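The following note is offered as a colleague's reading of one structure, for a reader meeting it here. Kindly keep the display open while going through the numbered points.

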Amino acid sequence: MGYFYFDESIQERGGFIVGAYVYGPDADVEVTTALERVGLRPGVDEFKSSARMSAHPEQVALRAELKRLLVNFRVGVLVTPNDDRATLGAEALRCLDQIARANELAKGERLMAFFDQGVFGSPGQAAALSGSIGLNQYCDVKAEQDSRAVKGLQLADLVAHTAGIMLLETLGLVRKQVKAGPHSGYEPDMELDLGFEMWASIRYQFFHAGPMEQQEDVYQGALMEVGVNGLYVSQACSPALRAGALARFGRCYLGCIH
């Protein structure tokens with residue numbers, strides 16, 4: 001059985017919401033181990049991207065552990081306007097249906113999708129929406145889940161926050177540099193754009209349709225078409241937001257960046 005985990009990152013200053021799906025095996029054991037490795041209590045403590053990292057070194061350590069776990073998963077993102085929060089649940093299900101069908105996951109064994117609290121008004125609403133688009137024919141939707149219990153949601157939290165910052169930078173709304181750090185392939189003290197650092201941490205995990213048909217020789221076939229396989233852009237997005245989302249997530253380079 002394949003598992004989808006969904007969480008969202010609300011970016012007020014950009015006027016948008018980025019939702020993230022993390023897909024793969026049951027993540028409970030691996031996230032539990034990550035929590036224990038950094039001295040946190042599974043089922044009580046959890047990763048929260050909203051935590052002030054400078055004041056919580058254990059969250060910084062856990063973030064690094066979760067990034068390492070993502071190698072076993074695939075990710076997809078949705079972008080929708082911030083003022084359209086009431087429709088987030090419906091958009092999230094449409095996104096899930098698009099990704100599952102584009103990647104031919106709807107044809108195999110039954111899927112299970114977990115959604116963090118607050119995405120839907122109630123589990124009943126989620127069930128009704130799932131039925132209305134036919135998602136329930138191949139996927140069990142579990143709404144209003146506690147991320148301390150369904151630990152894969154903590155991975156989705158990480159990816160949603162990461163993608164949100166990436167889009168803010170693409171739209172020119174955030175400019176920040178960070179140290180490359182150890183194990184980055186660069187000199188540890190080298191300054192990198194925050195958006196680049198975040199993109200580099202998840203770029204291999206995006207669902208994609210394979211190499212783009214037309215790409216410059218410099219990419220040597222390593223520029224992938226993400227498209228509907230890994231990106232859902234709400235029709236309610238403004239032209240500027242849609243263009244930003246497509247520019248940031250519509251394709252992904254998987255070649256050498258060092």
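**Notes on the model**

1. Helices H5 and H8 cross in a right-handed sense (the near helix is turned clockwise from the far one by less than a right angle; anticlockwise would be left-handed). H5 spans residues 152–170 and H8 residues 239–249; helices (H or I, at least four residues) and strands (E, at least two) are DSSP runs numbered from the N terminus. Their axes come within 9 Å and cross at roughly 115°, the axes being lines fitted to C-alpha atoms over the stretch in contact, with angles from 0 to 180 degrees between N-to-C directions.

2. On the H5 side, this contact (heavy atoms within 4.5 Å) involves Ala 163, Met 166, Leu 167 and Thr 170. H8 contributes Leu 241, Gly 244, Ala 245, Ala 247, Arg 248 and Phe 249. By class there are seven nonpolar, two polar and one charged residues; Ala, Val, Leu, Ile, Met, Phe, Trp, Tyr, Cys and Pro count as nonpolar, Asp, Glu, Lys and Arg as charged, and the others, Gly among them, as polar.

3. The model is predicted: local features need pLDDT of at least 70, side-chain atom pairs count only at pLDDT 80 or more, and totals for chains, interfaces and linings use all residues. Residues are numbered from 1 along each chain as its sequence is written, and side-chain values use heavy atoms, leaving out hydrogens and water.

4. The largest nonpolar core (buried Ala, Val, Leu, Ile, Met, Phe, Trp, Tyr and Cys residues joined through side-chain atoms within 4.5 Å) holds 51 residues. Tyr 5, Val 22, Leu 62, Leu 66, Val 79, Leu 155 and Phe 249 touch the most other members. H5 gives the most to this core, with 11 residues. Apart from it lies another core of 27 residues, including Ile 99 and Tyr 138.

5. Ser 9 belongs to strand E1 (residues 2–11). Ser 9 counts as buried because its relative accessibility is 8% (buried is under 20%, exposed over 50%, partly exposed in between; 1.4 Å probe, protein chains only). Its side chain makes a polar contact of 2.8 Å with that of Gln 11. Beyond four places in sequence, Ser 9 touches Phe 16, Ile 17, Val 18, Ala 160 and His 161.

6. Asn 103 sits in the loop between helix H3 (88–102) and strand E4 (111–116). With a relative accessible area of 19%, Asn 103 is buried. A polar atom of its side chain lies 2.8 Å from the backbone oxygen of Ile 99. Not counting residues up to four places away in sequence, Asn 103 touches Phe 207, His 208 and Asn 229.

Notes: Polar contact = N/O pair within 3.5 Å; in protein donor to acceptor, adjacent residues only side chain to side chain.
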